[in-house]
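Q: Please take a close look at one part of this model and describe how it is put together, giving the cut-offs behind each term as you go.

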Amino acid sequence: MKIIAISLICVFVVTIIAIKKVGLKRKLAEHNAKNRAFCKITDDFKPQSLNDSIRHIARFMSKRYPRLKVETELKGSLLPLRMERKIVEDVFINLLKNAAEAIKDKGKILIRTQSRQGWYDLEVIDNGQGIAPRDIENIFKAGYTHKKKKGHGLGLYWVKKEIEKSGGSITVQSQKGETKFKISIPQKKINAVVIEDEPVLRRILTLILKRAGIKVSSFSRFETINYKEVDVLYLDIMLWEKNALEEYKSLRQKNPHLIIIFVSASENHHGLKNILEKDKKTILLLKPYHESEPVDKLINLLAKN
């Protein structure tokens, strides 16, 4: 009888914990859905980059809180992150609303972003009343809030949970007149190969990609390359001459998931149009190109795939 009683108690405890987790998950989903509606983000919201998302959210926050001046300093071309764009947007909205509510009268919020050596940094800085040291220790706990108007106290708890799940980190520094939340999220590691027979063009393209944090190997012709370990190939299509379709089929067999960016001075290369129309993992980079284009093309392709 004792064993049966203990088993029933264990089942009861596990059930209660499971119910609480389901309830918390539902509340968090409702919380973030309200935030997205607050910032007029619908299912058809498709920004070109994460910085576009941040600009959109910042504009709506300025409208919602007209007493506040919201400034942005958004830098760098961003590689995909180890976190879905939608989740990053929700993280940002939570931080920005938290900052807006910390300012009683007129004030300012500064938003900064930058890319650095495989990381994406986002800072939200406000000139509100600050957070007391005793509160800083607890603000990331579920259900904790230091606001007079009691809410669920879930926003910062969820933010920290999602950031750490991606391998990132969040820190907060606060004193009277300034509070800074800083998050760092790892970017996806991307291995690229550049095949270009013109030495100057090969060096320029390689340098552009390295500056964006991409690991690059470059060749003047087709070498023995393990394409299964390559994420993106920048290929001077003139090296294929008139056998583009056959060469392409061989390449696709080696790596069906490979992103291929054809580099050419013309759109009329034999077989190219057919490849671009049928394969959504390919795109054309026309020469001459702006220095931002090689990375922008890659980001757009990765977002679609």
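A: Helices and strands are here DSSP runs numbered from the N terminus, a helix being H or I over at least four residues and a strand being E over at least two. By that assignment, the chain holds nine helices and ten strands. The model is predicted, so that local features need a pLDDT of at least 70 and side-chain atom pairs count only at pLDDT 80 or more, while totals for chains, interfaces and linings use all residues. Residues are numbered from 1 along each chain as its sequence is written, and side-chain values use heavy atoms, with hydrogens and water left out.

The part chosen is a sheet, together with the helices that lie across it. Five strands make up this open sheet in the order 1-2-3-5-4, with mixed pairing, where two strands pair if DSSP finds at least two bridges between them. Strand 1 (68-74) and strand 4 are the edge strands, each pairing on one side only. From one strand to the next the twist averages 10 degrees; axes are lines fitted to C-alpha atoms, for helices over the stretch in contact, and angles run from 0 to 180 degrees between N-to-C directions.

At one edge, strand 1 runs parallel to strand 2 (residues 107-116), and seven bridges join the two; E71 has L110 in strand 2 as its bridge partner. At the other edge, strand 4 (residues 169-175) pairs with strand 5 (residues 178-186) in the antiparallel sense, over seven bridges, and T171 stands opposite K182 in strand 5. Strand 4 and strand 5 form a hairpin with two residues between them, and G177 in the turn takes a positive phi of about 95 degrees.

Two helices lie across these strands, as judged by contact, which means heavy atoms within 4.5 Å. Helix 5 (residues 155-165) lies across strand 4 and strand 5, at about 140 degrees to strand 4. Helix 3 lies across strand 1, strand 2, strand 3 (119-126), strand 4 and strand 5, and runs at about 20 degrees to strand 3.

Within helix 3 (residues 85-102), E89 deserves a closer look. E89 is buried, with a relative accessible area of 1%, where buried means under 20% relative accessible area, exposed over 50%, and partly exposed in between, with a 1.4 Å probe and protein chains only. The side chain of E89 is joined to that of S53 by a polar contact of 2.7 Å. A polar contact is a pair of N or O atoms within 3.5 Å; within protein, one atom must be able to donate a hydrogen and the other to accept it, and residues adjacent in sequence count only if both atoms are side-chain atoms. Leaving aside residues up to four places away in sequence, E89 touches R36, I41, F45, P47, S53 and I57.

For context on the whole chain, 43% of its 305 residues count as buried. Among contacts between residues at least 6 apart in sequence, 67% join residues at least 24 apart.
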